[in-house]
Amino acid sequence: MKRFIFGVLFFIPFLLVASDEITLKVELQKKVDYITKLLNDKSLDVQKRNSMILESIDGLIDFELMSQLSLDKNDRQKLNETQRKEFITLFEKELKDSFLDKLKNYSDEKIELKEPKKIKEDRISLPSVIKSKNGDTEVVFKYYLTKQKEWKIYDLEVAGVSLVQSYRTQFSELLTNGGAEKLLEKLRKK
Amino acid sequence: MRLFFAFCIFIFFAHADMIDEFDSEFKDNNKSFREDPLISYNRGMTDFNDFFYTEILFPVAKGYKSVIPQKCREMVSNTINNLGFPIRFVNNLLQFKFSSALEEFGRFFINTTFGFFGIFDHAKSAYDLKPHNEDFGQTLGYYGVSSGPHIVLPFLGPSNLRDLIGKFPDAYLDPLNYISQRDVNLLDNSNQAYVTRGVDVIDRTSVYMDQYENVKKDSFDFYIMLREIYEQRREKEIAE
């Protein structure tokens, strides 16, 4: 009897601690709800609203890592240290601007988060569906576990297309045809 | 001081390791370029298509969108989509996706009857029956046929050798084509087929043109972006 009670008590903490996957889903839902609220608040000035949105996703999306990953191993060598730093800064800004630009066309779309999947110890994939009047689009949020034990997004798959992969291939082509300076020039112009 | 340098080196290598770990999740770009033997032609055709879309097709689609109300446009899309049933049904069967084929059949039956010849997607709204878009290109992919070189088709846009070949069997099954050799034809002659196809193209353009413009804005190399989107999407569709 004592052993049985001990056994049950031993397992209770495991039941009470939410799995990483569930925590991620809950947190992302909170962010989605917050951003939706901001988008629906017509009284907010657009600049203010945009900076509030960026602030809310700051810890969630690892823009710096996404910038680094948008160059493959060989391409990273083609940039020197200064160029690499400038590339990361410029591309981070480009990703954020692009994201805010998409929100401009917001018209009551709803995101439905689906069941997250733990792919590896340090990778979780969270699928979702964006429902709009033109149809549904699948978006998968790809998370990784940082050394500080935080989960952050490092890639998005929109309708099966990886954002990071698409940029990697484009930048590779640009670097092969024009070199590092040409690539940076294109980024500066955006 | 030495400890500081050691720390920096440690961070550098730890970080480098981490990036290397991510690298394995993405494709090696050197391979990608070798696999686009028609790149010069593809780039040229992409430019031609872009000119055609932005100067001719999009203005017409914009006119269509502003004149015809959303609900009517949905009815047009629904009717045309419903007629895609034979292609989807046969290709689901060829891939042994029996429950999907059954759901497609259910959708077709319900929408053609209760949905008034496909005008209303009653199957989705009342029974949540989902479409399963399969085509012969995906069927070939299912059986292991590789995509072959990327080919940009005039007017139709990105494709590849396998998917281009796949268009022919599907065209035979398509009720919106008039094929005199076929025993059964929904339409009476080729002219009707051209008109219906024209309406279909304009209707679909009205839905997708904003996305096209967005992709163009976001891209650094528009042709490469379109190619990546097409090929990645096809791989995902075949795997599903």
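In which helix of chain A does Val8(A) lie? In this predicted model, Val8(A) belongs to helix H1 of chain A, which spans residues 2-16. Val8(A) has a relative accessible area of 38% and is therefore classed as partly exposed, since that class lies between the 20% limit for buried and the 50% limit for exposed residues. Val8(A) also contributes to a nonpolar surface patch, together with Met1(A), Phe4(A), Ile5(A), Leu9(A) and Ile12(A). The accessible area of this patch amounts to about 620 Å².

**Strands of chain A**

Strand S3(A), residues 123-132, runs antiparallel to strand S4(A), residues 135-145, and ten bridges join the two. The connection between S3(A) and S4(A) is a hairpin through two residues. Ser132(A) has Gly135(A) in S4(A) as its bridge partner. Strand S4(A) is also joined by seven bridges to strand S5(A), residues 151-158, again in an antiparallel arrangement. Here Lys142(A) has Asp155(A) in S5(A) as its bridge partner. The hairpin of S4(A) and S5(A) has five residues between the strands, and Lys149(A) adopts a positive phi near 60 degrees in that hairpin. In a regular strand, side chains alternate between the two faces of the sheet.

**Contact between chains A and B**

The size of an interface is often expressed as the accessible area lost when the parts come together. For chain A and chain B, the buried area is about 3,600 Å², of which 49% is on carbon and sulfur atoms. In chain A, the residues that lose the most area to chain B are Gln165(A), Gln170(A) and Glu173(A), which together supply 17% of what that side buries. The contact involves 45 residues of chain A and 35 residues of chain B.

Eight salt bridges are counted between chain A and chain B. One of the salt bridges in the model pairs Glu173(A) with Arg43(B). Another is formed by Arg123(A) and Glu21(B). Arg123(A) lies in strand S3 of chain A and Glu21(B) in helix H1 of chain B, residues 2-23, so this pair joins two chains. Arg123(A) is buried, with a relative accessible area of 4%, whereas Glu21(B) is partly exposed at 33%.

**Salt bridges**

Over all chains the count is 39 salt bridges. Selected pairs are listed below.

| Pair | Closest N to O distance |
|---|---|
| Glu173(A) and Arg43(B) | 2.8 Å |
| Arg123(A) and Glu21(B) | 3.4 Å |
| Lys114(A) and Glu112(A) | 3.9 Å |
| Glu104(B) and Arg88(B) | 2.8 Å |

Glu104(B) lies in helix H6 of chain B, residues 98-113, and Arg88(B) in helix H5 of chain B, residues 85-94, so their salt bridge ties together parts that are 16 residues apart in sequence. Both Glu104(B) and Arg88(B) are buried. In chain A, by contrast, Lys114(A) is partly exposed at 35% relative accessible area, and Glu112(A) is partly exposed at 37%.

A network of salt bridges links Asp135(B), Arg162(B), Asp163(B), Arg233(B), Arg234(B) and Glu237(B).

**Surroundings of Thr79(B)**

The C-alpha atom of Asp135(B) is 18 Å from that of Thr79(B), and the two residues are 56 residues apart along the chain. Thr79(B) is part of helix H4 of chain B, residues 70-82. Its relative accessibility of 24% places Thr79(B) among partly exposed residues, because this value is not under the 20% limit for burial. Leaving aside residues up to four places away in sequence, Thr79(B) touches Phe117(B), Gly118(B) and Ile119(B).

Conventions. Residues numbered from 1 in each chain as written. Chains lettered and ligands numbered in written order. Predicted model: local features only at pLDDT ≥ 70, side-chain atom pairs only at ≥ 80, totals over all residues. Heavy atoms only, no water. Pairing = 2+ DSSP bridges. Helix = DSSP H or I, 4+ residues; strand = E, 2+ residues; numbered from the N terminus. Patch = residues over 30% accessible without salt bridge, like charges linked within 9 Å, V, L, I, M, F, W, Y side chains within 5 Å. Areas by Shrake-Rupley, 256 points an atom, 1.4 Å probe, with all protein chains shown as cover. Salt bridge = Lys/Arg side-chain N within 4 Å of Asp/Glu carboxyl O. Buried < 20%, exposed > 50% of the residue type's maximum accessible area, 1.4 Å probe, protein only. Contact = heavy atoms within 4.5 Å. Buried area = accessible area lost by both parts, 1.4 Å probe.
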